[in-house]
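Please load the model in your viewer and keep the sequence panel open beside it. The tour below moves from one selection to the next and says what is found at each stop.

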Amino acid sequence: MKTSTFLGTLAVASLVAGAAAAGTLDEVKAKGFLQCGVSTGVAGFAYTDANGEWQGFDVALCRGVAAAIFGDPEAVKFTPTTGKTRFTALASGEVDMLARNTTWTYSRDADLKFTFRGVNYYDGQGFMVPKSIGVKSAKELDGATVCIQTGTTTELNLADYFRANSMSYEPVPIETNAEAQQKYLAGACDVYTTDRSGLAATRSTFETPSDHVILPEIISKEPLGPLVRHGDDEWADLVGWTLNVLIIAEEKGITQANVEQMASAPTKDPEVNRLLGTEGEYGAMMGLSKDWAVNVIKAGGNYGEVFDRFIGPDTSIGLDRGLNQLWSKGGILYSPPYR
Ligand SMILES: N[C@@H](CCC(=O)N[C@@H](CS)C(=O)NCC(=O)O)C(=O)O
């Protein structure tokens, strides 16, 4: 009896080990597409275009991972998630990864059991108010009604900030950015608070963006990045290195336009050669093709190109690179070496 229970346990253990060995990459390959969790909609970051296609800075990361695996940035389906639903969607396996302005925090690692493998946007929390109310600083917000998305770090930082400054506020809880926008414009709250990138994105969709000001205070660190479930390091590697490829490509001047030409023969830069597969067998280490990084860069260009296309100074969102500039140009964007 004991022996058979023991053997039974062993069988289950080996089944589980087998399933774990199959891993997310094999599952994704088997179904033929990546299932990527994004937000329900934030201009520039994740939105559907006139053709109903998902686009944006976060969406580009999903497309990069799809390109890494399948050589095809279209081999991805998107699941819109709110601040609240995103973590259950990932934990339950409904999505293979999240790329959705999600802040890397201790408890999301240690308690929720997720793995963040990099930051695609260094952000911080801010406040937006209608210019007409004449507020110049967050310190003047005592007693304000504040639109705030539930299930976010935003909620927690807001409470900390008001308490630290001995101020009170009345929260107006909302589920999605669209709802926040609608409530804020209807005057249901005096203030909208979220990541500053989200404020810029939301303001860009207003009829008269200049009627609204983003206050100077940045009350938190919000390192936003892609995440996966704990327990599949190979999958975490793949997602993390897809982001790293985009960063290294910018460092090395590899662009969507020149990547094929640069990959056609070895260059004088050994790291470029390793990255583009003209030297070594680096793709195989992750179960990918030799030219996987070429496909990632071909999908939407390097980090800087993706930034400029969707959220940069020449877009309606108008974000500066700031901290998200390469480390070699005064920012903190930095990838470990590809070797
Ligand atoms: N970075 C914060 C906040 C993330 C968040 O949910 N921000 C809102 C405001 S921009 C958002 O993305 N909304 C998208 C949506 O409602 O779908 C977190 O990880 O908790």
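Begin by selecting helix α7 (residues 196-204), which is mostly covered, since 7 of its 9 residues are buried; buried here means under 20% relative accessible area, exposed means over 50%, and partly exposed lies in between, with a 1.4 Å probe and protein chains only. Helices (H or I, at least four residues) and strands (E, at least two) are DSSP runs numbered from the N terminus. This is a predicted model, in which local features need pLDDT of at least 70 and side-chain atom pairs count only at pLDDT 80 or more, whereas totals for chains, interfaces and linings use all residues. Residues are numbered from 1 along each chain as its sequence is written, and side-chain values use heavy atoms, with hydrogens and water left out.

Within α7, the residues to highlight as buried are Ser197, Gly198, Leu199, Ala200, Ala201, Thr202 and Ser204. What lies over them? The cover of the buried residues of α7 includes β7 (121-123), β8, α6, β11, β12 and β13 (222-224).

**The five-stranded sheet**

Several of those elements lead to the next selection, an open sheet of 5 strands in the order β10-β9-β11-β8-β12, with mixed pairing; two strands pair if DSSP finds at least two bridges between them. β10 (169-174) and β12 (212-214) stand at the edges with a single partner strand each, so one side of each is left without a neighbour in the sheet. On average, neighbouring strands of this sheet are turned by 30° against each other, direction ignored.

Now select strand β8 (residues 125-130) together with strand β11 (residues 191-195), which run antiparallel and are joined by 4 bridges. Glycine 126 stands opposite threonine 194 in β11. Helix α5 (residues 153-164) packs on the sheet, where it touches β8, β9 (144-149), β10 and β11, and its direction makes about 80° with that of β8. Such axes are lines fitted to C-alpha atoms, for helices over the stretch in contact, and the angles run from 0 to 180 degrees between N-to-C directions. Add helix α6 (residues 177-185), which lies across β8, β9, β10, β11 and β12 and runs at about 135° to β10.

**Strand β1 and its partners**

Move next to strand β1 (residues 34-39), where 6 of the 6 residues are buried, so the strand is largely enclosed by the rest of the structure. β1 pairs in the parallel sense with strand β4 (residues 76-81) over 6 bridges, and in β4 the bridge partner of leucine 34 is valine 76. Strand β5 (residues 97-98) also runs parallel to β1, joined by 2 bridges, and cysteine 36 stands opposite methionine 97 in β5.

**The nonpolar cores**

Which residues touch the most other members of the largest nonpolar core? In this core of 61 residues they are Trp235 and Trp292; a nonpolar core is a set of buried Ala, Val, Leu, Ile, Met, Phe, Trp, Tyr and Cys residues joined through side-chain atoms within 4.5 Å. Helix α8 (residues 233-251) contributes the largest share of this core, 11 residues. Centre the view on tryptophan 235, which, leaving aside neighbours within four places in sequence, is in contact (heavy atoms within 4.5 Å) with Thr24, Leu25, Val28, Leu34, Val65, Ile69, Asp96, Met97 and Val228. A second, separate core of 15 residues includes Val129, Leu141, Ala144 and Ile148.

**Two single residues**

Select lysine 290, which is placed in the loop between α10 (270-276) and α11 (292-300) and, at 42% relative accessibility, counts as partly exposed. Apart from neighbours within four places in sequence, lysine 290 is in contact with Leu276, Gly277, Gly280 and Glu281. A distance label from the C-alpha atom of lysine 290 to that of tryptophan 327, 37 residues apart along the chain, will read 28 Å.

Glutamine 325 lies in the segment after α12 (303-310) and, at 18% relative accessibility, counts as buried. Not counting residues up to four places away in sequence, glutamine 325 touches Glu250, Gly331, Ile332 and Leu333.

**The whole chain**

Finally, zoom out to the whole chain, which has 12 helices and 14 strands. Of its 339 residues, 51% count as buried, and the C-alpha atoms fill a box of roughly 65 × 65 × 40 Å, taken along the principal axes.
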